[in-house]
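This briefing is for a reader who has not met the structure before. It takes up strands and sheets, then backbone angles, cysteines and cavities.

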Amino acid sequence: MSAPNPASTGLFINGQRETGQDVRVGNVTAALAVANIVKTSLGPVGLDKMLVDDIGDVLITNDGATILKSLEVEHPAARVLVDLAKLQDQEVGDGTTSVVIIASELLRRGNDLVKNGIHPTTIISGYRMALKAAVSYIKKEMVVNVSELGDDHLINAAKTSMSSKIIGKETDFFSRLAVDAVKSVKMNATAADVAGYDAMGSGGGGGAERLAESASATAAGGTTAGGTKQRYKYPLSAIHILKAHGKSSMESNLIDGGFAINAMRAAQGMPTFVEMSMDGTPVKIAMLDMNLQRHRMGMGVQVIVKDPAEIENIKRREMDITKERIRKIIDAGARVVLTTKGVDDLCMKYFVEAGIICARRCNREDLKRLAKATGGRVVTTMADMEGNETFDAECLGGCDSVREVRIGDGEMLYVYGCRGHGASTIVLRGANEYMLDEMDRALHDSLCVVKRMLESNTLVPGGGAAEAALSVYLDDYATTIETREQMVIQEYADALLVIPKTLAVNAAKDASELVARLRSVHAKGQHSEDMVDYGLKFMGLDLIEGTIRDNLAAGVVEPAISKIKSLRFATEAAITILRIDDRISLNK
Amino acid sequence: MASAGPSPGMGPIMVLNSKTQRTHGRQAQIGNIAAARAVADIIRSTLGPRSMLKMLLDPMGGIVITNDGNCILREVDVSHPTAKSMIELSRAQDEEVGDGTTSVIILAGEMLINAEPFVRANVHPTVIVRGYNYALQEALSICEKLALTVDVHDADRMKALVQSCIGTKFSSRWNDIMIDMALKAVLTVARETPTISSTHGGVSDVYSQKMEVDIKRYAKVEKIPGGEIADCAVLSGVMFNKDVTHSKMRRRIENPRILLLDSPLEYKKGESQTNVEITDEEDWNTLLKMEEEYVENMCMEIIAFKPDIVITEKGVSDLAQHYFAKANITAFRRLRKTDNNRVARATGATIVSRTDEIRESDIGTGCGLFEMRKIGEEYFAFFEQCKDPKACTIILRGGSKDVLNEIERNLTDAMLVVRNVVFDPRLLPGGGATEMAVSVGLRKAGLKLEGVQQGPFLAVGEAMEVIPRTLAQNCGVSVIRTVTQLRAKHAAAYEEAEKENGGGVFPKCNWGLDGTTGKLVDMEEFGIWEPFSVKIQTIKTAVESACMILRIDDIVFGSKKKGH
């Protein structure tokens with residue numbers, strides 16, 4: 001960064017200082033540069049980026065957040081946008097690219113307004129007003145309430161989210177996979193969770209917003225017969241994604257109600273398969289977070305024996321301690337034993353003889369999930385309150401069968417029919433590691449979208465439809481404002497058009513013409529009283545054919561929350577950067 | 001004060017780390033294609049029966065002589081990220097099916113090369129990708145129609161199959177031996193796995209295999225330099241490179257009782273640290289005596305079961321050897337865990353970890369003959385004539401270590417081919433016949449396709465021809481003439497089928513290229529078949545990876561390390 005003459009700043013600080021328009025221009029340029037990087041990856045015809053790090057490791061991705069995270073962005077204002085993408089990724093899981101593009105467009109237009117002599121605070125308040133109006137418009141007009149959400153809608157939403165990704169060509173297959181996976185981990189939501197969903201929708205709310213919120217809540221609640229309807233939650237952490245290269249992406253599969261763990265049998269003598277007995281007693285699984293190696297005394301423990309024969313006893317005891325532990329685990333009925341630590345070769349024989357599958361050095365996180373899935377607990381110690389060692393049969397998880405499966409060159413343990421809370425595993429297959437990583441990211445986005453849909457029960461049309469509608473609406477809204485915020489709101493309205501524009505540009509279509517047509521259709525829909533034109537507000541872009549169509553009917557949909565949140569995040573980020581008019585970088 | 005953009009006085013605004021380099025747009029796409037072409041060109045000459053070997057020198061000065069695609073690419077150090085991604089393909093192919101590592105690279109490279117005109121003509125990559133995917137689905141369905149099911153126990157058919165796989169390899173002179181060995185080894189280790197019982201209720205499982213064939217663990221290849229390649233053999237049992245611990249022990253036992261241990265037969269201190277302070281002379285003696293008694297006890301416990309052979313993964317002390325020699329027991333020490341597992345499976349023994357827990361059922365009696373043999377300068381223990389061995393050792397003999405290494409790679413490929421057929425007994429014609437059939441089929445189907453993706457769809461068909469083309473090239477016949485003739489044959493079969501059945505029926509045309517002479521032959525008569533799973537996997541991997549690479553429009557070098 002160029003250094004303004006320190007004398008002119010009038011401050012004697014050990015560093016550099018930039019003020020006013022200089023810093024604003026710098027910030028906006030940086031933000032635009034960041035947006036330009038991810039711009040081409042937006043939409044169903046967006047392309048991927050290949051990132052190569054210092055060592056030469058390759059990362060191929062289409063996910064905005066991942067691209068930005070991997071780039072070494074140095075400019076502080078640009079960092080705000082990178083964090084913005086990260087935030088969107090955490091909160092919503094999808095739409096990371098669009099949020100960055102909107103924010104940078106808002107900044108660019110904000111900066112132009114400042115150049116025309118409008119004070120940043122006016123711009124900020126204008127942006128806030130526009131945001132509020134936009135959010136309430138989405139909730140009032142754009143949202144489609146789906147009280148009994150059909151699978152079609154879910155699949156469509158998942159398809160929309162994955163259409164831009166590497167798995168976009170096989171959307172039918174993967175959207176089904178994503179929807180089934182999310183549905184399989186359905187759990188009853190607690191009151192706190194429900195409050196959480198509602199809060200997610202509102203946030204910075206005004207009066208109109210609250211109203212719409214409660215309306216949608218009742219709609220979602222459906223017939224309230226003597227109490228609120230049970231709502232569900234879908235913890236994505238219960239969906240386990242395993243990657244194994246080989247085969248083709250179409251051979252990825254979902255193990256419904258099952259769990260796969262990347263571990264193999266500790267000894268070859270163990271069976272490769274155990275299943276429940278005929279009377280339906282489940283296969284019991286013990287999950288341990290402790291060592292089944294020969295017992296050794298802690299550091300610094302000193303035992304003094306007088307009789308040399310005692311040494312022999314100590315040695316024998318060391319072996320017996322582990323043996324007894326294993327005996328207790330086996331007696332408790334475990335038929336599969338998984339541990340995060342090691343298992344002594346010495347002890348294998350007990351397992352082999354009892355026909356038990358034992359796997360060592362499992363991933364601890366995986367075991368915790370498996371414990372949840374099978375209704376068991378991860379046991380860290382066998383000591384009880386009396387100072388003895390016992391193994392509580394309660395800690396054992398249950399399942400229908402466990403099988404060791406060869407995948408590619410390695411082995412995995414598949415646990416079928418878990419008896420606890422829902423759990424599912426998606427095993428991804430693909431040509432190579434880079435592809436699998438990208439499939440994983442894409443699938444994660446879709447899972448998030450499906451989850452949001454199921455939790456909020458509302459959707460909006462995608463493909464630039466919502467943005468175009470908002471743009472037309474905000475233009476009209478601006479004319480009702482008599483203060484100088486009017487101009488700002490108009491700019492905000494124009495800024496939203498960046499999404500349909502970028503979509504069209506990426507598809508190599510005539511962006512100006514398409515967007516103009518889109519806007520005119522939406523204007524007609526909003527200004528007409530005729531019910532025939534009601535559906536016009538769902539018109540969006542068809543990027544393959546290069547025309548406009550009803551995206552709701554075409555099945556290009558997104559969860560409403562995702563749209564609202566991305567608007568909110570983008571606006572907040574733009575405001576944060578616009579407020580800056582002074583930058584001091586201190587020398588270290 | 002500057003009011004518009006970064007004015008000249010301000011200097012550039014550095015958003016990214018200045019170390020990073022970007023290539024984007026067309027340049028990136030063309031660069032990627034060029035990289036893929038370069039990788040494919042490296043190994044192009046190793047396809048087919050007339051293939052040549054490559055000699056690779058590693059930085060340490062070691063040499064690798066091979067024509068295995070995966071093996072070559074593993075040794076080549078490439079820097080272009082796309083080239084790296086291509087090399088990964090070959091690895092995935094090797095791990096999944098074990099064969100076709102060369103074809104997958106050549107095919108993927110060709111897919112990208114054929115996409116280049118479209119990229120240059122400004123066709124959107126997503127359109128190309130879509131066309132490629134349609135073509136992939138169509139190609140797979142053509143393969144399904146061409147496939148032929150084989151009986152795994154039909155020895156002649158299986159031989160022909162393996163023949164076509166290792167025909168291209170260095171060891172082709174000893175094909176008969178190699179084929180018999182591969183077949184025998186795989187059928188030995190094949191084991192039925194318990195099937196999921198019906199109590200499950202509709203758990204459809206893609207991976208439920210009826211057969212388990214664990215070549216990695218139970219078919220061990222022992223390479224012994226010296227002798228002739230004709231001396232190679234598959235034992236009906238196992239063998240390992242160890243001598244008996246004591247020269248007085250028996251060196252030949254018929255129907256031995258075998259005990260396997262993974263615990264030491266010597267005095268070992270406990271896990272907890274022990275310090276011994278001795279104040280009394282007597283105590284010292286007691287300690288020594290205890291150690292001896294400990295070993296003696298263990299030996300007595302073992303001897304009580306009257307085994308003829310004791311094998312342990314750990315050490316055997318001199319004292320224990322003495323006891324064993326006295327009890328007429330042959331002992332081996334420091335055997336590898338994997339070897340011990342193999343012995344256990346071949347002889348039916350269970351590995352015991354504590355001597356006080358030995359049971360009669362742990363003793364292995366499945367072995368018919370134990371014998372120590374001296375090959376070259378070393379002693380080897382042979383456990384032969386096993387009853388129903390589910391593990392085996394393959395002995396390879398040959399001139400030098402490099403030759404042996406190459407033979408081992410060939411044999412591994414051959415065994416994997418057999419394994420794939422055991423899993424999925426469907427076959428496709430080799431010698432470029434399948435590829436040509438797919439190519440012709442795609443050309444027919446492509447013309448009916450509407451929209452921009454027709455071009456890329458047809459391009460896939462053309463790309464498939466690279467296999468017969470390369471085969472023709474490598475055996476030195478006129479490439480264009482041969483490939484055109486082959487194409488004509490397939491197209492004619494199509495016409496005929498259409499005339500007779502009015503279309504819709506897929507013609508079975510198995511004409512392909514004899515890779516040695518370069519003549520056109522009917523694969524049905526010539527007997528060159530390849531496993532269905534390998535072919536399918538090759539096509540899938542090639543198209544999918546080509547799609548992935550085509551979708552890239554931006555390459556950033558010097559990004560942060562993956563920090564998740």
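In which sense do β12(B) and strand β13 (residues 330–332) of chain B pair, and over how many bridges? The two strands pair in the parallel sense, and 3 bridges link them. The model is a predicted one, and every value below is computed from it.

**Strands around β12 of chain B**

- Strand β12 of chain B covers residues 309–312, and both of its faces are covered.
- Ile309(B) and Ile311(B) lie on one side of the strand, Val310(B) and Thr312(B) lie on the other, and all of these are buried.
- In a regular strand, side chains point alternately to the two faces of the sheet.
- Strand β11 (residues 258–261) of chain B also pairs with β12(B), in the parallel sense and over 4 bridges.
- Within the pairing of β11(B) and β12(B), Leu259(B) has Val310(B) as its bridge partner.
- On the β13(B) side, Phe332(B) is the residue that stands opposite Ile311(B).
- Val310(B) and Ile311(B) are thus named twice here, as buried residues and as residues facing a partner in β11(B) or in β13(B).

**The four-stranded sheet of chain B**

- Chain B has an open sheet of 4 strands in the order β9-β16-β15-β10, and the pairing is antiparallel.
- β9 (238–240) and β10 (252–254) of chain B are the edge strands; each has a single partner strand, so one side of each has no neighbour in the sheet.
- From one strand to the next, the twist averages 25°.
- The edge strand β10(B) is joined by 3 bridges to strand β15 (residues 369–375) of chain B, and the two run antiparallel.
- In this pairing, Ile253(B) has Phe370(B) of β15(B) as its bridge partner.

**The three-stranded sheet of chain B**

- Another open sheet has 3 strands in the order β7-β17-β8 of chain B, and its pairing is mixed.
- Its edges are β7 (219–225) and β8 (233–234) of chain B, each with a single partner strand, so one side of each is left without a neighbour in the sheet.
- Strand β17 of chain B spans residues 392–398, and 7 bridges join it to β7(B) in a parallel run.
- Along this pair, Lys223(B) stands opposite Leu396(B) in β17(B).
- Strands in a sheet pair through backbone hydrogen bonds, in either a parallel or an antiparallel sense.

**Residues with a positive phi**

- Most residues other than glycine have a negative phi.
- Ala508(A) is not a glycine, yet its phi is positive, at about 60°.
- Ala508(A) sits in the loop between α17 (498–506) and α18 (511–527) of chain A.
- The relative accessibility of Ala508(A) is 61%, so this residue counts as exposed.
- Asn328(B) likewise is not a glycine and has a positive phi of about 60°.
- The loop that holds Asn328(B) runs between α10 (318–326) and β13 of chain B.
- With a relative accessible area of 38%, Asn328(B) is partly exposed.
- Asn328(B) is 79 residues from Met249(B) in sequence, while their C-alpha atoms are 6.6 Å apart in space.

**Cysteines**

- How many disulfides are there over all chains? The count is 0.
- Cys362(A) is in no disulfide: its nearest cysteine sulfur belongs to Cys358(A) and is 8.3 Å away, whereas a disulfide needs the two sulfur atoms within 2.5 Å.
- Cys362(A) counts as buried because its relative accessibility is 6%, and buried means under 20%.
- Cys448(A) is buried too, with a relative accessible area of 8%.

**Cavities**

- There are 4 cavities of 30 Å³ or more, and the largest cavity holds about 50 Å³ of space.
- The residues lining the largest cavity are Ile102(A), Ile138(A), Glu467(A), Leu470(A), Leu496(A), Lys563(A), Ser566(A) and Leu567(A).
- The elements giving two or more residues to this lining are α15 (465–479) and α20 (560–578) of chain A.
- Which of the elements gives the most to the lining of the largest cavity? That element is α20(A), with 3 residues.
- By class, the lining of the largest cavity is made up of 5 nonpolar, 1 polar and 2 charged residues.

Notes
Residues numbered from 1 in each chain as written. Chains lettered and ligands numbered in written order. Predicted model: local features only at pLDDT ≥ 70, side-chain atom pairs only at ≥ 80, totals over all residues. Heavy atoms only, no water. Buried < 20%, exposed > 50% of the residue type's maximum accessible area, 1.4 Å probe, protein only. 1 Å grid on protein atoms, 1.4 Å probe; cavity = no way out; pocket = protein on both sides within 12 Å on 5 of 7 lines; lining within 4 Å. Points joined across faces, edges and corners; volume = space filled by probe spheres on them. Nonpolar A, V, L, I, M, F, W, Y, C, P; charged D, E, K, R; others polar. Pairing = 2+ DSSP bridges. Axes fitted to C-alpha atoms, helices over the stretch in contact; angles between N-to-C directions.
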